[in-house]
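Visitor: Hello! Could you walk me through this structure, one step at a time?
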Amino acid sequence: MTHLPDLAPIAQVDTGDTAWMLAATALVILMTPALGLFYAGLVRAKNTLNTFMMCAAALAVATVTWAVVGYSLAFSEGNAIIGGFDHVLLNGVAFEPREGTTIPHLLFMVFQASFCILTVALVSGAVVERMRFGPFLLFAALWSVLVYAVLAHWAFGGGWLQANGTLDFAGGVPVEMGSGFSALAAALVVRSRKDYGRQALLPHNAVFVLLGAGLLWFGWFGFNGGSGFSTGNSSVLAFTNTLLTPACTLVVWFLLDFLRGRRVTAVGAATAIIVGCVGITPAGGFISPTWAMLLGALAALPSYAVIVLRPRTRVDETLDVLAAHGVAGLTGILFIGFFAQLSWNGVADGLLYGNAAQLGSQALAAVATPVYAFVVTFVILRVIGLVTPLRATEREEAVGMDIIQHGEEAYATGEGAILVSPEAGVEAERPVANPV
Amino acid sequence: MKLVIGIVRPDKANDVLENLYRAEVRGFSISRVQGHGGELDRVETYRGTTVKMGLADKVRFEVAVSEPFVQPTIDALCEGARTGEVGDGKIFVVPLERVVRIRTGETDHGAVTPVGA
């Protein structure tokens, strides 16, 4: 949090800014179910609901942890590493403008909450189709506080990265690199699905994937466009770049697909939209529209490479959160170091405009964030694993997580279903596939 | 000639396919079916409605083979589909009266022998 000079006028709530931020927050909230749809389409039919429910779980758990303690640890005054407890249970968060903004403090808090929720949901992509739902809820609670809130403090809440001059417009550090490298750690701890590397595990509904990606892109206009906390220039710039960058990523992805397989793929296109949106997330309000287009084209390359190479390894980072978020976020963070332009952002120049130090600040974030996210996620999951098994048994995995974890199916036909009268109660029969 | 019908768990279908290829059984068809074979019913709940699902999803293999391939086909189905728990499925072997390959009009043994074998 930046401190205003003593002589600055006391900030007032601006109605225009507030109106836009209310809408932007709702747009970001939409991204979590959109991600649920995107992820659900990418998994096998028998795991559809469980995958979607992990995103719903983020809406439940991360909202609560954020209001109770996460927001305070991220955005109240503290030290360089972590904030304090001033805003625990939203204490002191009301209608006065948040320092340094012209919107009510409550609105600032709920906008930031929507980011925390989405990021927790993102990490689930690494462990779908095998992680048990209960341990995931516990993981979501711990991760949202110990990883997300800390990284948000570093980048946005007055922590050491922000103090050091690292530029991160809308969450390249906490959201994108935070989720991507945590996903890698989660995949390593939870380990691969039993059929990984033995059978082809294909997306069961590519239309869900495309629609999910489209809705994510739509929500991203609030995500990036709202990260200026106003209707000012930086918001308009970030909003515009949120169209330009993913479009360029799509074009380059089409080309890469075509060169590699002579066909342009739909699931690839959906992935490209995400990669482009992620790439522009840290850079949105800092680079010119022209450079944003270059960023879109460049961001496709490393992410595409990771998506092609990762399945050849034994690491079952199932839905490629590392490639789409970690790597693309890192690309965006570093890109700012070269192409930031004072005349567009009013904050700082990059290396190309004579300020080499900016690249140093960006590189620092690009090293520290992945290390912190990876290590802490690894430890959290190992500790939960000591208390309760992280994953379902092989037999349960074979039947599918929908039936085992939730007692529902995404595509139940109803044939052969016998109504159990409420008076009779439900006998505690175990499903056949799980006769413990 | 026999028609070997195997009804197996959907999640075991790939293992069966792998075994059939290994046994050089190249011609078969599969379909998704639902059935009941003495398993416990699983209970599911949709909002307030609790139901017992009496039918379980299965995959049905139909493999028409000449005599020397009958046992290898049965072995492939058994080994691929077995988990040791109720619900692994059944194999039915029935005699075939006639087989015709539509493309060439070949009948019987010629028709169940894969092209190029």
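What follows is a set of questions and answers about this predicted model.

Visitor: In which order do the strands of the open sheet in chain B lie?
Guide: Let's begin at the borders of the sheet. Strand E2 (29-35) and strand E6 (89-95) of chain B are its edge strands, since each pairs on one side only. Pairing in this sheet of 4 strands is antiparallel. Read across, the order is E2-E5-E1-E6.

Visitor: Which residue of E5(B) is the bridge partner of B:Arg32?
Guide: E2(B) pairs with strand E5 (residues 56-65) of chain B in the antiparallel sense, over 7 bridges. For B:Arg32, the bridge partner in E5(B) is B:Val59.

Visitor: Which helix of chain B makes about 0 degrees with the direction of E1(B)?
Guide: Two helices are worth looking at here. Helix H1 (residues 13-22) of chain B lies across E1, E2 and E5 of that chain, and runs at about 150 degrees to E1(B). Helix H2 (residues 70-81) of chain B packs on the sheet too, where it touches E1, E5 and E6. The helix at about 0 degrees to E1(B) is H2(B).

Visitor: Are H1(A) and H3(A) roughly parallel or roughly antiparallel?
Guide: Two packed helices are described by the angle between their axes and the distance between the axes. For helix H1 (residues 15-42) and helix H3 (residues 105-123) of chain A, the axes come within 9 Å and cross at roughly 15 degrees. Angles under 35 degrees count as roughly parallel. H1(A) and H3(A) are therefore roughly parallel.

Visitor: How many nonpolar residues are in the contact of H1(A) with H3(A)?
Guide: On H1(A), the contact residues include A:Met21, A:Leu22 and A:Val28, while those on H3(A) include A:Val110, A:Phe111 and A:Leu118. Polar residues are there as well, 4 of them, but no charged ones. The number of nonpolar residues is 15.

Visitor: Which element gives the largest share of the side of chain A that touches chain B?
Guide: In total, 20 residues of chain A are in contact with 21 residues of chain B. Helix H14 (394-399) and strand E1 (417-419) of chain A each supply at least two residues of that side of chain A. The largest share is 3 residues, and it comes from E1(A).

Visitor: Which residue in E4(B) does A:Ala417 stand opposite?
Guide: Here a strand of one chain pairs with a strand of the other: E1(A) and strand E4 (residues 49-53) of chain B do so in the antiparallel sense, over 3 bridges. Opposite A:Ala417 in E4(B) stands B:Met53.

How values were computed: Residues numbered from 1 in each chain as written. Chains lettered and ligands numbered in written order. Predicted model: local features only at pLDDT ≥ 70, side-chain atom pairs only at ≥ 80, totals over all residues. Pairing = 2+ DSSP bridges. Contact = placed C-beta atoms within 7 Å. Axes fitted to C-alpha atoms, helices over the stretch in contact; angles between N-to-C directions. Parallel < 35°, antiparallel > 145°, perpendicular 65-115°, else oblique. Nonpolar A, V, L, I, M, F, W, Y, C, P; charged D, E, K, R; others polar.
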